[in-house]
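User: I'd like to go through this model and check what stands behind the labels. Can you take me through the reasoning, starting with the strands?

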Amino acid sequence: MRIALVADPDLPTELAMRVARDLPGRLRKRLGPNFDCQVQAHTAPLAAEEQVDISAMLTAVRPHLPESGWDVAVFLTDLPRRQGLDAVSAEVSTSDRVALLSLPALGTFHLVDRTLEAVVNVVSQLVLPPTGGDHVPVIGRRMEGDVKPGQGVPDRYVIPGLRGRARLLAGMVRANRPWRLFTSLSRALAGVFATAAFGVINDTAWQLSIALDTWRQSLIMVLSILALAAWIIVDHELWERPDGRVHKARAHLYNTATLITITLGVLCLYAVLFVVLTGVGALVLVPAPLSETLNHRPGVTDYLALAWFLTSSAMVGGAFGSGLEDDGTVRKAAYGQRQRDRLAEQQNV
């Protein structure tokens, strides 16, 4: 049997490549030792609309399927799909012999194992006669309705309730890879380090860092992180506004994912900068000049307080630097914008 895994670019493609290596062995365990299959993984933008029909998706990506033919196709997308407020994890069309997996619904942790198990489950449903079961491990519960499994209409599986919505949101943030955001903001990084470098040699910053108590330092830290995150979102127009194309619930979901992604990215930047400034301060600022300014011999807490204050202050410089950043760089961290960019690319092909 020839199985085609077709995945969106970036994370879905990486998962498809890893799943393709282990899938034959897992299918033999599930379907029997005599089950033989060849698995090929391919990259193609699968969809640009949240509720696109699985048959329409098959038509759109058919040129990307193996020229030698295929028996079963599984699509892996990072596009969130919902039925009402419930997260849709999978759709299985036995008539088309295709299945669609929405990776955000699988959550954040153990994503490779969950994706592999989900692919095994949907392939098993496409290969074996329908059993009529309403619950499938990993991909959740089949939507109730008048249509029975295997009657030609795609079976839709959801992870209902708050658990499903939380997993969907976490999966969207995971797909955005927030820890990579700060490495792509080169101009923001330049502003951050320039501001921090000035503070290291400024005796006023030394005095302020010691004078501020813990709760003030904490408040400054929170405000600086939120300020930089808000500046990035506003300046690069990442905030979704509901209109005829983007419904209110969808805009709320995308905005929440974008806000969490940007905030986590800024937190990563903050943590890295704090560690760097702590090391630089300990290396460059010898005790003698600090003692004259602080009127006491500096200890470990003094160096940590200085690094803490300078890191928070440097976030302001990062905000100015991020304003000079290319929009395309930042858009990769915004879910709705990334999907629109893929749609534009697909329409231009």
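Analyst: Sure. One definition before we start: two strands count as a pair if DSSP finds at least two bridges between them. Keep in mind too that this is a predicted model.

User: What makes S4 and S5 a pair, then?

Analyst: The cut-off is at least two bridges, and two bridges join strand S4 (residues 82-83) to S5. That meets the definition, so they pair, and they run antiparallel. One of the contacts to look at is Gln-83, whose bridge partner in S5 is Asp-86. The two strands form a hairpin with two residues between them, and Gly-84 in that turn has a positive phi of about 70°.

User: How do you know that S5 pairs with S9?

Analyst: Same test: at least two bridges are needed, and five join S5 to strand S9 (residues 155-159). So the pairing holds, with the strands antiparallel. For a spot to click on, Val-88 stands opposite Val-158 in S9.

User: And what makes S5 and S6 a pair?

Analyst: Four bridges, set against a requirement of at least two. S6 covers residues 98-102, and the sense is antiparallel again. Here Ala-90 stands opposite Leu-101. S5 and S6 also form a hairpin, this one with four residues between the strands, and Arg-97 in the turn has a positive phi of about 60°.

User: Why is S5 called largely enclosed?

Analyst: Buried means under 20% relative accessible area. Eight of the eight residues of S5 (residues 86-93) are buried, so the rest of the structure largely encloses this strand. For the chain as a whole, buried residues make up 48% of the 349 residues.

User: How do you know that residues 214-234 are helix?

Analyst: A helix here is a DSSP run of H or I, at least four residues long. The span 214-234 comes out at 100% helix and 0% strand, so the helix label fits. Its end C-alpha atoms lie 30 Å apart. Residues 254-285 are 97% helix and 0% strand, with end C-alpha atoms 45 Å apart.

User: Why are those spans called transmembrane regions?

Analyst: That name comes from the record: an unreviewed UniProt entry places the feature "transmembrane region" at residues 181-202, 214-234, 254-285 and 305-324. Such annotations may be inferred rather than shown by experiment, so treat the name as the record's.

Conventions. Residues are numbered from 1 along each chain as its sequence is written. This is a predicted model: local features need pLDDT of at least 70, side-chain atom pairs count only at pLDDT 80 or more; totals for chains, interfaces and linings use all residues. Side-chain values use heavy atoms; hydrogens and water are left out. Buried means under 20% relative accessible area, exposed over 50%, partly exposed in between (1.4 Å probe, protein chains only).
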